[in-house]
Amino acid sequence: MRFFKALLITNLVIIALIIPGFILLDRHFSNSNANAETEWGEHEPEDTDGNNNKPDESGTSISIPKEVYAKLEIDSGCLPSDFKLKWEVIKGKEKVDDYRRQEPVVFGPASEYCEPDGITTFRGNNYRNSASFGYADILEEKLEKVWSIKIGYIDIWTGVGWNGQPSIIKWNDDIKSKMNLYKNKKNKADLKEVIYATLDGKIYFLDLDDGSYTRPQINIGAPLKGSVTVDPRGYPLLYSGQGIDEVNGKKVKIGFRIFSLIDQKLLYFINGIDQSAYRRWGAFDSTPLLHKESDTLFECGENGILYSIKLNTAFDSAKGTLSINPEEVKYRYSLAGKNRMGIENSIAIYKNYSYFVDNDGILQCVDLNTLSPVWVRNVSDDTDSTIAIEDLGKSEVSLYTANEVDHQGIDGYSYVRKINALTGKLLWEKKYKCTYAETNGGALASPVIGKNDIENLVIYNLAKAYKINGSKIIAFDKKTGEEVWVIDLVNYSWSSPVDVYTKEGKSYIIQSDSAGYMYLIEGKSGKILDKLPVGANIEGSPAVFDNMLVVGTRGQKIWGIRLK
């Protein structure tokens, strides 16, 4: 009898110890793996006060939409714990446990991202699915040089490099009147301004119509390898990352900058050599996205940090005054056996879920409201190509990603993949043998997500695929991954293809290559309609506004080209 009593007491003690552990574990996974297999908002958030409120990191009760903590059915093998991924949230110099954003972030669809007319960020919006604005009135199916300007170099860094896409924006007249535009440009009706960061360390401001200067350049004094971003609210704010930290053999500051476009003054600088980073490399080739409602900027660095920056913007358009007072919160992570946490592709965002891949080929889905990983996949190699998102509604959300050949050695494979954005499940993949011969092969370019008459296609450009210096442009069927058409180019290409459309929905693809040729391609058939030489390697990616496209070359020129 005593034995059974002792056994019963022992069991009760064990149960009392185990149950709290299971509760804590359950809460941990509810927070870090936010799971929703059905419609948004069907799953009630846990630990609320009955009014769907949740305390933030300071203990303040805040109102949170149900979708923010909805649960997802994560695919087998894609949990952060499967990768032994460790992460921390840092605010100031302090680590924050159980981080909860005070103003919840839920991005809208891509069509709602940019308020002014134009292209304000790399690949256009939070889905990263378009680098063209408006419609092209194409009759002759030809490309025509309209203007070019000469730009410079720093050391070996000439002209415009990868990923080098301009922003093109049509400013509202009231804001235009407050900026330091030249008088003739300030008074010009229908001005569309091209803003381009280049490897000569300058940011250029040009008139889309003729390439003439609209205002003075901003001179960073060190090479700018990525693309600029203009504030999607139409505010006169410019965001620019820096790619190189050496000039004439001497180290220089490297980081991320925010400028006022009222007077072009520097408002804020993030030092890329961040003391809280695990990686000591400070470049920012990626471009940020801004959540308008909460005034929060999201940017990834090659130091392995995802930055969440509450800008606290104060903009008075009537007075022409602008200020910011940024507050940084950082997501940093580590994985056993991995040390290349740097992120060169640009963050893509669906609602409160963000996506990026690091130099080790680790793809993460991170919940922006908790700054915690939701799911993780290994995508085989370093990935500079920016993820693109397709939202078909009813939780049918997919992302497309493709890796380069970098750490695999001289020969390797570029994998093109379609993945369920909410669960991490692989939907299909295709692999192509590519070569690392002096420079990277595989996918350096970001994809076209087809619309209108090519809504069934996703189009990738793969450098050095099956040829040391050639490229393949491949149109894949979105549902099956099967090839619909393929173009074999003689010269390799890192430049991203761009899709443009007529009002009738007919598609055209613009593709540039390393020999300085630009191709106009019929989207549905893959037929090459025209080929235009511009004289030097086009590493950068074009942006298009109606019938005009702009792109820079390593040959120290920026070109304005018309689609005829």
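**Hairpins and nonpolar cores in the predicted model**

Strand β33 (residues 411-420) and strand β34 (residues 426-435) run antiparallel and are joined by nine bridges. Within this pair, Arg417 stands opposite Glu429 of β34. The two strands form a hairpin with five residues between them. In its turn, Gly424 has a positive phi of about 85 degrees.

The structure is a predicted model. Mean pLDDT for the protein chain is 89, and 88% of the residues reach 70 or more. Over residues 1-63, however, the pLDDT is below 50. This stretch has 93 contacts in the model beyond near neighbours in sequence.

Another hairpin is built from β18 and β19. Strand β18 covers residues 255-260 and strand β19 residues 266-271. Their pairing is antiparallel, over five bridges. Phe259 stands opposite Leu266 in β19. Five residues lie between the strands, and Gln264 takes a positive phi near 65 degrees.

Both β18 and β19 also supply at least two residues each to the largest nonpolar core. That core has 43 residues. Phe107, Tyr239, Ile258, Leu306 and Tyr331 touch the most other members. Further strands that each supply at least two residues include β15 (237-241), β25 (327-334) and β28 (362-367). The largest share, four residues, comes from β22, which spans 305-310.

Leu306 illustrates the packing. Leaving aside neighbours within four places in sequence, its contacts include Cys300, Val329, Tyr331, Ile347, Phe356, Val366 and Leu371. Glu299, Lys330 and Ser354 are also among them. A second, separate core holds 35 residues, including Leu206, Val550, Ile561 and Leu563.

Technical notes
Residues are numbered from 1 along each chain as its sequence is written. This is a predicted model: local features need pLDDT of at least 70, side-chain atom pairs count only at pLDDT 80 or more; totals for chains, interfaces and linings use all residues. Side-chain values use heavy atoms; hydrogens and water are left out. Two strands pair if DSSP finds at least two bridges between them. pLDDT is the predictor's confidence in each residue, from 0 to 100. Contact means heavy atoms within 4.5 Å. A nonpolar core is a set of buried Ala, Val, Leu, Ile, Met, Phe, Trp, Tyr and Cys residues joined through side-chain atoms within 4.5 Å. Buried means under 20% relative accessible area, exposed over 50%, partly exposed in between (1.4 Å probe, protein chains only).
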